[in-house]
Amino acid sequence: MVATQLEARSINDPELLRAFRSVPRHAFVEDEALADEAYADRALPAAEGQTMSQPYVVATMTIAARPSTDAGYRGAQVLEVGTGSGYAAAILAELGANVTSIERHAALSHSAGERLAAAGYGEAVQLTIGDGTQGWPPNAPYRSILVTAGGPQVPQPLLDQLDRDGGRLVLPVGGREHQVLTLIERHGDDLERRELEGVVFVPLIGSFGVPE
């Protein structure tokens, strides 16, 4: 997976590649019948109509949201909106981040917590249940925010909780059928916005996203 899907697409950050080699992706696949496809170059279905993003997309978002300091993710406060299977949170934890992951489906959060604990990442990831478009103020500000669902605009609460000194927010912006992975970097009150590539994610449902 690392060689053919990441390195072959010019993803060459040594620490990131090490994390992808270390985290057992098959341990986060909910349907055991799909375990053999865990390392395939595609998204996989998860419970509650959600998906487990393909490895390349997880890597792309992780690189884009990486703090610009020499320490990278190590010791950084990171918010993930949409826990899903827990795989992306495990990658962030493997990179040394202090991860807060919010999920609106209680059953999905619970099962992800069991997988994270079994894989050894339970203490590095704080799971919470709620409306991800409102973020999680108790642990703000965040050096990085990664949103694993697509919406028509950037939720204002996430911008408000982003570190004012170079905090990075990555999320898919667009309609239900197609979004553009977008990076926003905050410097004080200034927001730098850059479009990365086209993606398709499940809807970002919430009070500052898509109506349920």
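Helices and strands here are DSSP runs, of at least four residues for a helix and at least two for a strand, and they are numbered from the N terminus.

**Figure 1. Overview of the predicted model of the protein.** The secondary structure of this predicted model comes to 6 helices and 9 strands. With a radius of gyration of 16 Å, close to the 17 Å that the globule rule gives for 212 residues, the protein is as compact as a globular protein of that length. Taken along the principal axes, the box filled by the C-alpha atoms is roughly 45 × 40 × 35 Å. Of the 212 residues, 52% are buried, and the accessible surface comes to about 9400 Å², with 49% of that surface belonging to carbon and sulfur atoms. When contacts between residues at least 6 apart in sequence are considered, 56% of them join residues at least 24 apart.

**Figure 2. The aromatic cluster of Phe20, Phe28 and Tyr87.** The structure holds 2 aromatic pairs. In one of them, Phe20 and Tyr87 meet edge-to-face, at 6.2 Å centre to centre and with 75° between the planes. Because Phe20 belongs to helix 2 (residues 14-22) and Tyr87 to helix 4 (residues 87-94), this pair ties together parts that are 67 residues apart in sequence. Both rings belong to buried residues, as Phe20 has a relative accessible area of 2% and Tyr87 one of 1%. Phe28 and Tyr87 also form a pair, and since their ring centres are 6.0 Å apart and their planes stand at 65°, where over 60 degrees counts as edge-to-face, this pair is edge-to-face. Phe28 lies in the loop between helix 2 and strand 1 (44-45), whereas Tyr87 lies in helix 4, so the pair ties together parts that are 59 residues apart in sequence. Phe28 is likewise counted as buried, at 1% relative accessibility.

**Figure 3. Arginine residues over the faces of tyrosine rings.** Arg25 lies over the face of Tyr87, at 4.8 Å from the ring centre, and this tyrosine is the one that forms an aromatic cluster with Phe20 and Phe28. In another place, Arg9 lies over the face of Tyr56, at 4.7 Å from the ring centre. Tyr56 is among the buried residues of helix 3, which is the subject of the next view.

**Figure 4. Helix 3 and the surroundings of Ala59.** Helix 3, residues 55-65, is mostly covered, with 10 of its 11 residues buried; among them are Pro55, Val57, Val58, Thr60 and Met61. Ala59 has its place in this helix and counts as buried because its relative accessibility is 0%, where under 20% is the cut-off. Leaving aside residues up to four places away in sequence, Ala59 touches Leu6, Ile11, Leu16 and Phe20. Of these neighbours, Leu16 is 43 residues from Ala59 in sequence, yet the two are 7.6 Å apart in space, C-alpha to C-alpha. Phe20, another of the residues touched by Ala59, is also part of the aromatic cluster in Figure 2.

**Figure 5. Strand 6 and the strands that pair with it.** Strand 6 and strand 3 (residues 77-81) pair in the parallel sense over 4 bridges, and within this pairing Val147 is the bridge partner of Val81. Strand 6 is also joined by 3 bridges to strand 7 (residues 165-174), and these two strands run parallel; here the bridge partner of Ile145 is Leu169. The side chains of Ser144 and Leu146 point one way from strand 6 and those of Ile145 and Val147 point the other way, and all of these residues are buried.

**Figure 6. Backbone details in two loops.** The peptide bond from Ala140 to Pro141 is cis, with omega near 5°, and Pro141 has its place in the loop between strand 5 (125-129) and strand 6 (144-147). In the loop between helix 1 (2-6) and helix 2 is Ser10, a residue other than glycine whose phi is nevertheless positive, near 70°. Ser10 is exposed, because its relative accessible area of 62% is over the 50% cut-off.

Methods
Residues are numbered from 1 along each chain as its sequence is written. This is a predicted model: local features need pLDDT of at least 70, side-chain atom pairs count only at pLDDT 80 or more; totals for chains, interfaces and linings use all residues. Side-chain values use heavy atoms; hydrogens and water are left out. Rings of Phe, Tyr and Trp (its six-membered ring) pair if their centres lie within 6.5 Å; planes under 30 degrees apart count as stacked, over 60 as edge-to-face and the rest as tilted. Buried means under 20% relative accessible area, exposed over 50%, partly exposed in between (1.4 Å probe, protein chains only). A charge sits over a ring if NZ of Lys or CZ of Arg is within 6 Å of the ring centre and within 35 degrees of the ring normal. The radius of gyration is taken over C-alpha atoms; the globule rule is 2.2 Å times the number of residues to the power 0.38. Contact means heavy atoms within 4.5 Å. Accessible areas come from the Shrake-Rupley method with a 1.4 Å probe; for residues, only the protein chains shown count as cover. Two strands pair if DSSP finds at least two bridges between them.
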